[in-house]
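User: I've got a chain in front of me and would like to talk it through at the bench. Could you take my questions one by one?

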Amino acid sequence: DLETVVMGNNVKKIGASAFANASKLKNINFPESLEEIGKAAFTQCKSLVSVELPDKLSSLGEQAFYTCLALKSVRLPDGLEIISASTFSDCSALTEVNFPKSLKSIQSSAFSGTALKEIHLPEGLEEIGSGAFHGCTSVESVYVPSSVTKLKGTPFRDCTGELRVDY
């Protein structure tokens, strides 16, 4: 079974469901040339522990890392503007994510069911989708910047920790 993926320096796109259900995949070496990760590309890669996305990445597809149960940390690139729907949904071990300053939109259920404790959203963020952080039962504090003009539905529904939201 596949445990490590090393991609060539010319790879620009990873297609939809390319590595879906590779349950033993632990390591991915993303090339700096990577610009796009397709829908559900790494969904249910249950052994993947950390992800460091390259700086050229500008498109992260829906459910790209959905149900990666061992995923603990994610480094998002500085130029990323949108975190698509359900990108990291049900990554139940996920405790660490950097939110880049370039971020404009976090779409529905993007981080639902994760173990994030602190959510510090960057100035410049404009939109948080419905259920974006739904069921994040470990959340202790959330910072929502004043630049947010659209809170769709209930982005923090069922966050059962002592939730403190600063604006």
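User: Is Phe111 buried or exposed?
Analyst: Buried means under 20% relative accessible area, exposed over 50%, and partly exposed in between, using a 1.4 Å probe and protein chains only. Phe111 has a relative accessible area of 0%, so this residue is buried.

User: Before we go on, what kind of model is this?
Analyst: Residues are numbered from 1 along each chain as its sequence is written, and side-chain values use heavy atoms, with hydrogens and water left out. Local features need pLDDT of at least 70, side-chain atom pairs count only at pLDDT 80 or more, and totals for chains, interfaces and linings use all residues, as this is a predicted model.

User: How many aromatic pairs turn up in the whole structure?
Analyst: Rings of Phe, Tyr and Trp (its six-membered ring) pair if their centres lie within 6.5 Å; planes under 30 degrees apart count as stacked, over 60 as edge-to-face and the rest as tilted. Searching the whole structure with that rule gives nine.

User: What is the geometry of the pair formed by Phe65 and Phe88?
Analyst: Their centres are 5.5 Å apart with 5° between the planes, so by the cut-off of under 30 degrees they count as stacked. Phe65 is buried at 0% relative accessible area, and Phe88 is buried at 0% too. The geometry is stacked.

User: How many residues apart in sequence are Phe88 and Phe111?
Analyst: The ring centres of Phe88 and Phe111 are 5.4 Å apart and the planes sit at 15°, so this pair is stacked. Phe88 is in the loop between E8 and E9, while Phe111 is in the loop between strand E10 (105–106) and strand E11 (118–120). Strands here are DSSP runs (E, at least two residues), numbered from the N terminus. The pair ties together parts whose separation in sequence is 23 residues.

User: Which residues form the aromatic cluster?
Analyst: Phe65, Phe88 and Phe111 are among its members. The full list of this one cluster is Phe19, Phe30, Phe42, Phe65, Phe88, Phe99, Phe111, Phe133 and Phe156.

User: Which strands stand at the edges of the open sheet?
Analyst: Two strands pair if DSSP finds at least two bridges between them. Three strands make the sheet in the order E5-E7-E9, with parallel pairing. Each edge strand has a single partner, so one side of each is left without a neighbour in the sheet: these are E5 (50–52) and E9.

User: Which residue's backbone oxygen does the side chain of Thr43 reach?
Analyst: Thr43 sits in the loop between strand E4 (36–37) and E5, and is buried, with a relative accessible area of 10%. Contact means heavy atoms within 4.5 Å, and leaving out residues up to four places away in sequence, Thr43 touches Phe19, Ala20, Asn21, Gln63, Ala64, Phe65 and Tyr66. At 3.1 Å, the backbone oxygen reached by its side chain is that of Tyr66.

User: How many disulfides are there?
Analyst: A disulfide is a pair of cysteine sulfur atoms within 2.5 Å, and by this rule the count is zero. Cys136 is in no disulfide, with the nearest cysteine sulfur, that of Cys159, 5.0 Å away. Cys136 is buried at 0% relative accessibility, and Cys159 is buried at 12%. The number of disulfides is zero.

User: Where does Glu81 lie, and how exposed is this residue?
Analyst: Glu81 is in the loop between E7 and E8. Glu81 touches Ser102, Leu103, Lys104 and Ser105, again leaving out residues up to four places away in sequence. At 44% relative accessibility, Glu81 counts as partly exposed.

Notes:
Helices (H or I, at least four residues) and strands (E, at least two) are DSSP runs, numbered from the N terminus. A polar contact is a pair of N or O atoms within 3.5 Å; within protein, one must be able to donate a hydrogen and the other to accept it, and residues adjacent in sequence count only if both atoms are side-chain atoms.
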